[in-house]
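Trainee: I am new to this structure and would be grateful for a guided discussion of it.
Mentor: Certainly; please look at the sequence and the model first.

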Amino acid sequence: MIHDPARCRLGRRPAKRDPRLFLLAEYLASPLPLPPAAKDWSEAVDNWGQMLNDRMGDCAIAGRGHQHQLRTALAGHEETPTDALIEADYVAVTGMEGAAYDPQTGANDNGCVLEDVLSYYRKKAEIGAYAFVRPRSLDHLRFTIDAFESAYVGVDLPITAQHQQVWDVVDPGLQGDSSVGSWGGHCIVLSGYDESGFTCVTWGQTKRLTTAWWLAYGVEAYAVLSPEMIDGAGNVPSGFNMDALRADLAAL
(Lines give C-alpha, C1' and ligand atoms only; values in the text may rest on other atoms or scores of the structure.)
Protein backbone atom coordinates (compact mmCIF):
# COMPACT_ATOMS: atom_id res chain seq x y z
CA MET A 1 0.00 0.00 0.00
CA ILE A 2 1.13 3.56 -0.70
CA HIS A 3 0.02 6.30 1.63
CA ASP A 4 -0.72 9.87 0.64
CA PRO A 5 1.75 11.81 2.82
CA ALA A 6 -0.70 14.72 2.88
CA ARG A 7 -3.05 12.48 4.92
CA CYS A 8 -0.37 10.91 7.09
CA ARG A 9 0.37 12.89 10.22
CA LEU A 10 3.31 12.00 12.46
CA GLY A 11 3.77 13.19 16.06
CA ARG A 12 6.36 11.20 18.00
CA ARG A 13 8.50 13.52 20.08
CA PRO A 14 12.07 12.53 21.14
CA ALA A 15 12.33 9.99 23.96
CA LYS A 16 13.04 11.10 27.52
CA ARG A 17 14.81 7.93 28.70
CA ASP A 18 13.55 8.06 32.29
CA PRO A 19 16.20 6.29 34.43
CA ARG A 20 13.41 4.51 36.33
CA LEU A 21 12.17 2.87 33.14
CA PHE A 22 12.03 -0.92 33.40
CA LEU A 23 14.18 -2.81 30.89
CA LEU A 24 12.64 -5.92 29.36
CA ALA A 25 16.02 -7.68 29.36
CA GLU A 26 16.06 -7.64 33.17
CA TYR A 27 12.99 -9.89 33.34
CA LEU A 28 13.88 -12.44 30.68
CA ALA A 29 15.27 -15.91 31.26
CA SER A 30 18.75 -16.75 30.02
CA PRO A 31 18.87 -18.39 27.60
CA LEU A 32 15.68 -16.83 26.28
CA PRO A 33 13.15 -19.31 24.90
CA LEU A 34 13.20 -18.59 21.18
CA PRO A 35 9.88 -17.33 19.82
CA PRO A 36 8.30 -18.97 16.75
CA ALA A 37 9.95 -18.26 13.41
CA ALA A 38 6.93 -16.20 12.39
CA LYS A 39 3.87 -14.69 14.05
CA ASP A 40 1.16 -12.30 12.87
CA TRP A 41 -1.63 -11.21 15.19
CA SER A 42 -3.01 -8.49 12.93
CA GLU A 43 -5.55 -10.63 11.08
CA ALA A 44 -7.74 -10.49 14.20
CA VAL A 45 -8.79 -6.94 13.26
CA ASP A 46 -10.65 -6.12 10.03
CA ASN A 47 -10.93 -2.33 10.33
CA TRP A 48 -8.18 -0.51 12.23
CA GLY A 49 -9.28 3.05 11.68
CA GLN A 50 -7.10 6.17 11.49
CA MET A 51 -7.88 7.21 15.08
CA LEU A 52 -7.53 10.85 13.97
CA ASN A 53 -3.90 10.44 12.86
CA ASP A 54 -4.90 11.79 9.45
CA ARG A 55 -5.94 15.07 11.10
CA MET A 56 -3.54 15.62 14.00
CA GLY A 57 -0.19 14.45 15.29
CA ASP A 58 -1.60 11.91 17.71
CA CYS A 59 0.23 8.84 16.39
CA ALA A 60 1.34 7.88 19.91
CA ILE A 61 -2.28 7.88 21.12
CA ALA A 62 -3.47 6.11 17.96
CA GLY A 63 -0.80 3.46 18.51
CA ARG A 64 -2.14 2.69 21.97
CA GLY A 65 -5.65 2.66 20.53
CA HIS A 66 -4.59 0.09 17.96
CA GLN A 67 -2.92 -2.03 20.65
CA HIS A 68 -6.13 -1.98 22.70
CA GLN A 69 -8.17 -2.84 19.63
CA LEU A 70 -5.91 -5.80 18.84
CA ARG A 71 -5.72 -7.11 22.40
CA THR A 72 -9.49 -7.04 22.86
CA ALA A 73 -10.07 -8.61 19.43
CA LEU A 74 -7.77 -11.50 20.34
CA ALA A 75 -9.70 -11.87 23.60
CA GLY A 76 -12.93 -12.18 21.64
CA HIS A 77 -14.52 -8.81 22.42
CA GLU A 78 -12.98 -6.20 20.14
CA GLU A 79 -13.19 -2.62 21.42
CA THR A 80 -12.35 0.32 19.18
CA PRO A 81 -11.71 3.61 20.99
CA THR A 82 -13.97 6.38 19.74
CA ASP A 83 -12.54 9.47 18.09
CA ALA A 84 -13.82 11.50 21.05
CA LEU A 85 -11.84 9.33 23.47
CA ILE A 86 -8.71 9.45 21.31
CA GLU A 87 -8.95 13.23 21.15
CA ALA A 88 -9.50 13.56 24.90
CA ASP A 89 -6.45 11.41 25.62
CA TYR A 90 -4.35 13.48 23.22
CA VAL A 91 -5.44 16.67 24.97
CA ALA A 92 -4.58 15.12 28.35
CA VAL A 93 -1.10 13.90 27.39
CA THR A 94 -0.09 17.08 25.56
CA GLY A 95 -1.30 18.97 28.62
CA MET A 96 1.01 16.87 30.81
CA GLU A 97 3.91 17.81 28.57
CA GLY A 98 3.17 21.54 28.35
CA ALA A 99 0.47 23.30 26.35
CA ALA A 100 -2.54 21.06 25.72
CA TYR A 101 -3.82 20.49 22.21
CA ASP A 102 -6.83 22.69 21.45
CA PRO A 103 -9.42 20.76 19.40
CA GLN A 104 -11.22 23.97 18.46
CA THR A 105 -8.25 25.81 16.94
CA GLY A 106 -5.74 23.02 16.30
CA ALA A 107 -3.16 24.88 18.39
CA ASN A 108 -0.43 22.96 20.23
CA ASP A 109 -0.60 19.97 17.91
CA ASN A 110 2.95 19.03 18.85
CA GLY A 111 2.75 15.27 19.31
CA CYS A 112 3.72 13.19 22.35
CA VAL A 113 6.62 11.42 24.04
CA LEU A 114 5.92 7.68 23.99
CA GLU A 115 6.96 7.18 27.61
CA ASP A 116 4.50 9.89 28.68
CA VAL A 117 1.70 8.17 26.78
CA LEU A 118 2.43 4.82 28.43
CA SER A 119 2.66 6.46 31.86
CA TYR A 120 -0.70 8.14 31.27
CA TYR A 121 -2.43 4.88 30.34
CA ARG A 122 -0.86 3.07 33.26
CA LYS A 123 -2.25 5.71 35.64
CA LYS A 124 -5.65 5.20 33.99
CA ALA A 125 -5.20 1.45 34.72
CA GLU A 126 -5.63 0.64 31.02
CA ILE A 127 -2.23 -1.05 30.96
CA GLY A 128 -0.50 -2.91 33.77
CA ALA A 129 3.14 -2.07 33.10
CA TYR A 130 5.58 -1.37 30.32
CA ALA A 131 9.25 -2.07 29.73
CA PHE A 132 11.83 -0.73 27.29
CA VAL A 133 12.98 -3.18 24.62
CA ARG A 134 16.41 -2.59 23.12
CA PRO A 135 15.59 -1.71 19.50
CA ARG A 136 18.57 -3.56 18.06
CA SER A 137 17.77 -6.81 19.89
CA LEU A 138 15.68 -8.59 17.29
CA ASP A 139 15.16 -11.65 19.52
CA HIS A 140 13.76 -9.46 22.31
CA LEU A 141 11.56 -7.57 19.85
CA ARG A 142 10.17 -10.79 18.40
CA PHE A 143 9.66 -12.18 21.90
CA THR A 144 7.69 -9.04 22.76
CA ILE A 145 5.41 -9.40 19.74
CA ASP A 146 4.87 -13.10 20.36
CA ALA A 147 4.39 -12.90 24.14
CA PHE A 148 2.50 -9.60 24.43
CA GLU A 149 0.71 -9.61 21.05
CA SER A 150 2.39 -6.44 19.77
CA ALA A 151 5.20 -3.97 20.39
CA TYR A 152 4.68 -0.22 20.82
CA VAL A 153 7.52 1.42 18.90
CA GLY A 154 8.93 4.70 17.65
CA VAL A 155 10.59 5.27 14.29
CA ASP A 156 12.40 8.22 12.70
CA LEU A 157 10.91 8.17 9.21
CA PRO A 158 12.92 9.12 6.14
CA ILE A 159 11.29 10.97 3.24
CA THR A 160 11.74 7.83 1.14
CA ALA A 161 9.09 6.13 3.29
CA GLN A 162 6.36 8.41 1.94
CA HIS A 163 5.60 6.41 -1.20
CA GLN A 164 6.97 2.94 -0.48
CA GLN A 165 4.72 -0.11 -0.70
CA VAL A 166 7.08 -1.84 1.75
CA TRP A 167 9.33 0.20 3.98
CA ASP A 168 12.87 -0.73 2.96
CA VAL A 169 16.26 0.97 2.94
CA VAL A 170 16.84 2.87 -0.31
CA ASP A 171 20.32 4.25 0.38
CA PRO A 172 22.51 2.17 2.75
CA GLY A 173 24.42 5.36 3.51
CA LEU A 174 21.21 6.92 4.86
CA GLN A 175 21.84 10.19 3.08
CA GLY A 176 19.52 12.78 1.51
CA ASP A 177 15.89 11.65 1.44
CA SER A 178 17.02 8.42 3.13
CA SER A 179 18.45 10.23 6.15
CA VAL A 180 17.10 9.21 9.55
CA GLY A 181 14.17 11.40 10.57
CA SER A 182 14.13 13.50 7.39
CA TRP A 183 10.33 13.09 7.31
CA GLY A 184 9.86 13.01 11.10
CA GLY A 185 9.21 10.91 14.20
CA HIS A 186 6.30 8.47 14.19
CA CYS A 187 4.72 5.86 16.46
CA ILE A 188 3.59 2.51 15.04
CA VAL A 189 2.58 -0.87 16.46
CA LEU A 190 4.46 -4.00 15.40
CA SER A 191 1.85 -6.74 15.19
CA GLY A 192 3.81 -9.50 13.44
CA TYR A 193 7.17 -10.68 12.21
CA ASP A 194 8.91 -13.28 10.06
CA GLU A 195 12.46 -13.92 8.87
CA SER A 196 12.44 -10.95 6.48
CA GLY A 197 10.86 -8.23 8.60
CA PHE A 198 7.81 -7.04 10.49
CA THR A 199 4.15 -6.15 10.04
CA CYS A 200 3.06 -2.86 11.55
CA VAL A 201 -0.19 -0.98 12.06
CA THR A 202 -0.14 2.68 11.05
CA TRP A 203 -2.66 5.16 9.65
CA GLY A 204 -5.45 2.63 9.93
CA GLN A 205 -3.78 -0.10 7.89
CA THR A 206 -1.15 -2.81 8.13
CA LYS A 207 2.18 -2.29 6.40
CA ARG A 208 5.33 -4.34 5.92
CA LEU A 209 8.83 -3.18 6.82
CA THR A 210 12.08 -5.03 6.33
CA THR A 211 14.51 -5.97 9.09
CA ALA A 212 17.14 -3.71 7.51
CA TRP A 213 14.69 -0.80 7.55
CA TRP A 214 13.88 -1.35 11.24
CA LEU A 215 17.57 -1.47 12.16
CA ALA A 216 18.10 1.80 10.30
CA TYR A 217 15.06 3.76 11.48
CA GLY A 218 13.67 2.05 14.61
CA VAL A 219 14.67 4.09 17.65
CA GLU A 220 12.55 2.94 20.61
CA ALA A 221 10.36 -0.03 21.50
CA TYR A 222 8.24 -1.07 24.47
CA ALA A 223 6.59 -4.23 25.75
CA VAL A 224 3.15 -3.37 27.15
CA LEU A 225 1.68 -5.76 29.72
CA SER A 226 -2.03 -6.07 30.41
CA PRO A 227 -3.42 -5.38 33.90
CA GLU A 228 -4.51 -9.04 34.03
CA MET A 229 -0.90 -10.19 33.79
CA ILE A 230 0.12 -7.97 36.68
CA ASP A 231 -2.70 -9.00 39.03
CA GLY A 232 -2.29 -12.69 38.26
CA ALA A 233 -5.48 -13.19 36.29
CA GLY A 234 -3.66 -13.47 32.95
CA ASN A 235 -1.20 -15.97 31.56
CA VAL A 236 2.48 -15.19 32.06
CA PRO A 237 4.65 -15.83 28.98
CA SER A 238 7.29 -18.52 29.31
CA GLY A 239 10.69 -16.98 30.01
CA PHE A 240 9.33 -13.80 31.63
CA ASN A 241 9.88 -13.21 35.36
CA MET A 242 6.58 -11.67 36.40
CA ASP A 243 7.35 -11.97 40.13
CA ALA A 244 10.40 -9.73 39.73
CA LEU A 245 8.37 -7.17 37.78
CA ARG A 246 5.61 -7.11 40.40
CA ALA A 247 8.24 -6.54 43.12
CA ASP A 248 9.74 -3.64 41.15
CA LEU A 249 6.29 -2.14 40.59
CA ALA A 250 5.56 -2.35 44.32
CA ALA A 251 8.84 -0.58 45.11
CA LEU A 252 8.29 2.16 42.52
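**Contacts, cores and salt bridges**

Mentor: Leaving aside its neighbours within four places in sequence, Gln 67 is in contact with Ser 150, Ala 151, Tyr 152, Val 189 and Val 224. Please bear in mind that this is a predicted model.

Trainee: Is Gln 67 buried or exposed?

Mentor: Gln 67 is found in helix 1, which covers residues 59–74. A residue is called buried when its relative accessible area is under 20%. The relative accessible area of Gln 67 is 4%, so this residue counts as buried.

Trainee: How far apart in space are Gln 67 and Ser 238, C-alpha to C-alpha?

Mentor: In sequence, 171 residues separate Gln 67 and Ser 238. From C-alpha to C-alpha, their separation in space is 21 Å.

Trainee: Which residues have the most contacts inside the largest nonpolar core?

Mentor: In soluble globular proteins, nonpolar side chains tend to be buried together. Here the largest nonpolar core has 50 residues, and those with the most contacts inside it are Leu 190, Phe 240 and Leu 245.

Trainee: Which helix gives the largest share of this core?

Mentor: The largest share of this core amounts to six residues. They come from the helix spanning residues 138–148, namely helix 4.

Trainee: How many of the eleven residues of helix 4 are buried?

Mentor: Helix 4 is mostly covered. Its buried residues include Leu 141, Phe 143 and Ile 145, and also His 140 and Arg 142. Of the eleven residues in helix 4, the number buried is nine.

Trainee: Which residues of helix 4 are in contact with Leu 190?

Mentor: Neighbours within four places in sequence are set aside, and the contacts of Leu 190 then include Phe 198, Cys 200 and Leu 209. Among the buried residues of helix 4, those in contact with Leu 190 are Leu 141 and Ile 145.

Trainee: At roughly what angle do the axes of helix 2 and helix 3 cross?

Mentor: In this pair, Asp 89, Ala 92, Val 93, Met 96 and Glu 97 of helix 2 meet Asp 116, Val 117, Tyr 120 and Tyr 121 of helix 3. By class, the contact has six nonpolar, no polar and three charged residues. The crossing is right-handed. The axes come within 10 Å, and the crossing angle is roughly 115°.

Trainee: Why does the salt bridge of Asp 89 with Lys 124 tie together separate parts of the sequence?

Mentor: The side chains of Asp 89 and Lys 124 meet in a salt bridge, at 3.1 Å from N to O. Asp 89 lies in helix 2, whereas Lys 124 is in the loop between helix 3 and strand 2, so the bridge joins parts whose separation in sequence is 35 residues.

Trainee: Which partner in that salt bridge is buried?

Mentor: Lys 124 has a relative accessibility of 32% and therefore counts as partly exposed. With a relative accessibility of 3%, the buried partner is Asp 89.

Trainee: With which residue does Glu 97 form a salt bridge?

Mentor: The structure holds 13 salt bridges. In the one formed by Glu 97, the closest N and O atoms are 3.0 Å apart. Glu 97 is in helix 2, and its partner, 84 residues away, sits in the segment before strand 1. That partner is partly exposed, at 31% relative accessibility, and is Arg 13.

Terms used
Residues are numbered from 1 along each chain as its sequence is written. This is a predicted model: local features need pLDDT of at least 70, side-chain atom pairs count only at pLDDT 80 or more; totals for chains, interfaces and linings use all residues. Side-chain values use heavy atoms; hydrogens and water are left out. A salt bridge is a side-chain nitrogen of Lys or Arg within 4 Å of a carboxyl oxygen of Asp or Glu. Helices (H or I, at least four residues) and strands (E, at least two) are DSSP runs, numbered from the N terminus. Buried means under 20% relative accessible area, exposed over 50%, partly exposed in between (1.4 Å probe, protein chains only). A nonpolar core is a set of buried Ala, Val, Leu, Ile, Met, Phe, Trp, Tyr and Cys residues joined through side-chain atoms within 4.5 Å. Contact means heavy atoms within 4.5 Å. Axes are lines fitted to C-alpha atoms, for helices over the stretch in contact, and angles run from 0 to 180 degrees between N-to-C directions. A crossing is left-handed if the near helix is turned anticlockwise from the far one by less than a right angle, and right-handed if clockwise. Ala, Val, Leu, Ile, Met, Phe, Trp, Tyr, Cys and Pro count as nonpolar, Asp, Glu, Lys and Arg as charged, and the others, Gly among them, as polar.
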